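Hi,

Here is the model I promised to pass on. Have a look at it first, and my notes follow underneath.

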Amino acid sequence: EVQLVESGGGLVQAGGSLRLSCAASGFTFDDYAIGWFRQDPGKERWGVSCISSSDGNTYYEDSVKGRFTISSDNAKNTVYLQMNSLKPEDTAVYYCAAALRTAVAGCGFWNYYGMDYWGKGTLVTVSS
């Protein structure tokens with residue numbers, strides 16, 4: 001059974017940090033790119049960051065560049081998103097998702113519609 005399980009969300013003050021985890025199982029981890037998306041109620045789900053370890057590629061959306069860092073631990077089939085200098089506008093449900101790395105060109109061409117598997121999300125709330 002394919003599973004993606006997010007953890008690490010919570011409540012944090014502006015300027016603080018959180019580390020999200022995405023634990024994957026049920027598929028060949030190294031063949032997939034893993035992306036992080038976020039969504040506020042009534043808004044589009046938007047890609048935040050992506051990693052394809054086999055291709056040596058990472059991607060960051062402009063609004064989080066320099067504040068967030070994505071990494072992977074292939075031995076644990078887990079991807080992390082370290083979020084620093086958090087802002088209230090970062091408040092959202094964060095989802096991890098997986099797509100065959102060849103299909104998304106190693107994070108070079110990835111989007112909501114192209115992801116194969118999704119986690120259920122973890123809520124991040126940044127207070128002002």
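Let me start with the salt bridges: I call it one when a side-chain nitrogen of Lys or Arg is within 4 Å of a carboxyl oxygen of Asp or Glu. Before the details, some housekeeping: this is a predicted model, so I should say that local features need pLDDT of at least 70 and side-chain atom pairs count only at pLDDT 80 or more, while totals for chains, interfaces and linings use all residues. Residues are numbered from 1 along each chain as its sequence is written, and side-chain values use heavy atoms, with hydrogens and water left out.

By that rule there are 5 salt bridges. One of them joins Lys65 to Asp62, with the closest N and O atoms 3.5 Å apart. For accessibility, buried means under 20% relative accessible area, exposed over 50%, and partly exposed in between (1.4 Å probe, protein chains only). Lys65 is exposed at 52%, and Asp62 is exposed too, at 60%. Arg38, Arg67 and Asp90 are joined into one network by salt bridges that share partners.

Asp40 and Lys43 also meet through their side chains, at 4.0 Å from N to O. Here Asp40 is partly exposed at 23%, whereas Lys43 is exposed at 53%.

Then there is Asp55 with Arg101, where the closest N and O atoms are 2.9 Å apart. Asp55 lies in the loop between β5 (46–52) and β6 (57–60) and Arg101 in the loop between β9 (92–100) and β10, so this salt bridge ties together parts that are 46 residues apart in sequence. Strands here are DSSP runs (E, at least two residues), numbered from the N terminus. Both partners count as partly exposed, Asp55 at 32% and Arg101 at 25%.

On to the rings. I pair rings of Phe, Tyr and Trp (its six-membered ring) if their centres lie within 6.5 Å; planes under 30 degrees apart are stacked, over 60 edge-to-face, and the rest tilted. That gives 9 aromatic pairs in the structure. Take Phe37 and Trp118: their ring centres are 4.8 Å apart and their planes are at 55°, so the pair is tilted. Phe37 belongs to strand β4 (residues 32–39) and Trp118 to strand β10 (residues 117–118), so the pair ties together parts that are 81 residues apart in sequence. Phe37 is buried, at 1% relative accessibility, but Trp118 is partly exposed at 27%.

Trp118 forms another tilted pair with Tyr112, at 5.2 Å centre to centre and 50° between the planes. Tyr112 is partly exposed at 37%. Ring pairs link these residues into a cluster with members including Phe37, Tyr59, Tyr95 and Trp110.

What sits over the ring of Trp118? The charged end of Arg45 does, 4.9 Å from the ring centre. The test is that NZ of Lys or CZ of Arg is within 6 Å of the ring centre and within 35 degrees of the ring normal. Likewise, the charged end of Arg19 sits over the ring of Tyr80, 3.9 Å from its centre.

Tyr80 comes up again around Ser21, a residue of strand β3 (residues 18–25). Ser21 is buried, at 17% relative accessibility. Leaving out residues up to four places away in sequence, Ser21 touches Val5, Glu6, Ser7, Trp36, Thr78, Val79 and Tyr80, where contact means heavy atoms within 4.5 Å.

Cheers

How values were computed
Helices (H or I, at least four residues) and strands (E, at least two) are DSSP runs, numbered from the N terminus.
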